[in-house]
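Let's take a walk through this structure together. Have the picture ready and turn it around as you read.

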Number of protein chains: 2
Amino acid sequence: MPVLVVGSVAFDTVKTPLGEANEILGGAATYFAVAASYFVPVSVVAVVGEDFGAEQFKVFEGRTIDTTGIERAGGRTFRWSGEYSGDMNEARTLDTQLNVFESFAPKLPPEYLESDFVFLANIHPALQLQVRQQLPGAKLVGLDTMNYWIQRTPDDLRRVLSEVDLLIINDKEAGMLANTGNLRRAASEIRKLGPHSLVVKRGEYGASLFHYDSIFFVPGYPLEEVYDPTGAGDTFAGGFMGYLAGEGKVNDASLRRALVYGSVMASFAVEKFGLERLLELSWDEIQARVNEFKNMTHFNV
Amino acid sequence: MPVLVVGSVAFDTVKTPLGEANEILGGAATYFAVAASYFVPVSVVAVVGEDFGAEQFKVFEGRTIDTTGIERAGGRTFRWSGEYSGDMNEARTLDTQLNVFESFAPKLPPEYLESDFVFLANIHPALQLQVRQQLPGAKLVGLDTMNYWIQRTPDDLRRVLSEVDLLIINDKEAGMLANTGNLRRAASEIRKLGPHSLVVKRGEYGASLFHYDSIFFVPGYPLEEVYDPTGAGDTFAGGFMGYLAGEGKVNDASLRRALVYGSVMASFAVEKFGLERLLELSWDEIQARVNEFKNMTHFNV
């Protein structure tokens with residue numbers, strides 16, 4: 001089954017200890033879509049500016065990514081600039097120019113309204129809610145958010161949380177949302193807000209899934225070098241949702257596998273700058289890394 | 001096969017956000033011995049003072065722990081006092097009184113010289129080396145150390161590292177010893193110093209094992225409350241070494257299982273103050289938690 005993502009498309013300028021890149025294609029919906037496209041067709045709802053041209057669209061068009069829902073508005077595309085240092089777990093934002101993204105009002109093409117698997121990437125929770133309410137028949141709606149919305153628009157966030165199935169956030173956001181640094185208690189509090197499933201991304205420490213009575217952990221893939229963490233979280237979400245949509249069934253076993261595939265895709269994303277590594281992946285490489293994850297975590301008793 | 005541990009026995013005074021305890025039995029060798037005694041007989045080489053009486057010895061004597069090697073010296077037993085706050089991953093030491101431990105010179109009773117499984121808990125690396133050299137026929141010698149020795153006695157530490165099979169340290173110590181924050185590179189550097197196997201303890205994030213070409217991760221057990229982290233690392237080592245000695249074979253499969261049993265024992269240790277929870281464990285509880293770890297980490301692809 002295809003997956004629908006609503007979120008940002010951007011130009012990123014990134015500096016890390018291992019290099020830098022200037023105005024490369026980025027944004028949550030972009031990373032998500034490229035990752036998910038390894039598993040299923042993807043539909044993207046986003047907005048870009050007049051400076052977004054054929055060169056950028058080519059990245060989507062070379063894959064099973066439908067861009068009907070990418071609106072072209074007058075003005076410039078969203079731009080973000082950031083720098084990573086030290087443990088690379090968090091970027092220092094140097095500059096944000098929202099541009100056309102500032103007045104983004106997601107418009108769903110009619111053919112997207114039947115989507116079964118939907119991901120609402122990190123945008124204003126009131127916009128996430130608008131989209132969610134247009135898709136009452138969706139089988140699984142996933143959501144991302146960030147500290148900004150947790151602190152500034154808690155009521156809007158709670159409203160949309162009460163109507164989604166899955167929340168994918170990082171450990172700091174989970175702690176802030178639940179007001180506790182304890183992972184298990186945070187998961188319990190957050191699942192009371194609505195989502196039956198919670199994925200907590202823990203950077204280099206991997207990810208964990210809380211789903212009914214089940215807790216499942218995947219470690220971070222132990223890379224010798226991280227070139228660029230930009231988009232790793234969105235790539236994770238794309239791998240997770242894409243895998244799940246491909247399987248089509250949502251249960252404990254498929255959610256576990258989705259967590260592994262999300263981790264695998266994210267581990268590739270950070271191996272080069274921007275989308276570079278993600279665009280050149282082979283299915284054999286993905287499967288080989290899934291097997292590595294199995295080998296890194298399984299034991300016989 | 002029995003396991004031999006050389007290390008500290010102490011009285012601990014501990015304060016955590018959930019309570020406090022005054023002059024309770026502690027020390028690395030104590031936690032190690034109690035944990036390991038669930039799997040195999042344990043021999044302890046340590047020193048205590050005149051204030052260490054029948055009440056304390058009773059803890060060992062109620063289990064398969066041989067105390068022939070615990071020397072009683074004139075003076076007071078080693079005392080440590082510390083406080084945990086915030087994320088509870090690290091104690092703030094309030095007071096250390098080495099007392100009889102200051103001139104500790106480990107003496108091995110003759111019957112210990114045939115030990116196959118040996119753990120050199122955190123003491124001066126020159127003393128660790130002395131012990132190690134008295135046990136040339138040991139099948140597996142494990143070692144712990146800390147930032148103090150890594151910084152103050154690097155040459156002594158390298159000397160003993162070149163003669164042991166296994167190092168069990170935490171992630172900060174691994175980073176300091178290898179001079180890199182990257183786990184995989186640290187593991188590679190450290191294994192060049194001697195030990196064929198490295199276990200890195202990562203606090204609430206679990207533990208990882210590096211062994212020849214194999215990497216294995218176990219998550220931290222997700223507790224809702226941590227009452228007292230004191231001794232968790234030594235308990236982990238005791239569970240690890242005890243399990244391994246019980247199995248008797250050292251290979252990839254047994255080392256993985258040992259990492260799980262170490263994690264299980266450590267997860268129990270922090271559920272109450274001091275040794276309390278460790279002393280009341282049943283074999284069924286241990287097995288049930290091993291199964292929980294399996295359920296938290298396994299997936300089918």
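**Inside one chain, then across two**

Start with what is tucked away: of the 301 residues of chain A, 60% count as buried, where buried means under 20% relative accessible area. Keep in mind that you're looking at a predicted model.

What is chain A built from? Trace the backbone and you'll pass through 11 helices and 14 strands.

So how does chain A fill space? Its C-alpha atoms take up a box of roughly 60 × 40 × 35 Å along the principal axes. You can also check the radius of gyration: a compact globule with 301 residues would come out near 19 Å, and chain A has 18 Å, so the two agree. Now look at who touches whom. Take the contacts in chain A with a separation of 6 or more: 64% of them are between residues 24 or more positions apart.

Next, the outside. Chain A has an accessible surface of about 11,700 Å², and carbon and sulfur atoms account for 47% of that. As for charge, chain A carries 27 positive and 39 negative side chains. The centres of those two sets sit 5 Å apart.

Finally, bring in chain B. Turn it by 180 degrees, with 0.0 Å of shift along the axis, and chain B lands on chain A with an RMSD of 0.0 Å. The two copies are therefore related as by a two-fold rotation axis. And which surface do the copies use to meet? Of the interface residues of chain B, 100% are also interface residues in chain A, so the copies meet through the same surface.

Note on methods
Residues are numbered from 1 along each chain as its sequence is written. Chains are lettered from A and ligands numbered from 1 in the order in which they are written. This is a predicted model: local features need pLDDT of at least 70, side-chain atom pairs count only at pLDDT 80 or more; totals for chains, interfaces and linings use all residues. Side-chain values use heavy atoms; hydrogens and water are left out. Helices (H or I, at least four residues) and strands (E, at least two) are DSSP runs, numbered from the N terminus. The radius of gyration is taken over C-alpha atoms; the globule rule is 2.2 Å times the number of residues to the power 0.38. Buried means under 20% relative accessible area, exposed over 50%, partly exposed in between (1.4 Å probe, protein chains only). Contact means heavy atoms within 4.5 Å. Accessible areas come from the Shrake-Rupley method with a 1.4 Å probe; for residues, only the protein chains shown count as cover. Lys and Arg count as positive and Asp and Glu as negative; His and the chain ends are not counted. The place of a charge is taken as NZ of Lys, CZ of Arg, CG of Asp or CD of Glu. Copies are superposed by least squares on the C-alpha atoms of residues with pLDDT of at least 70 in both.
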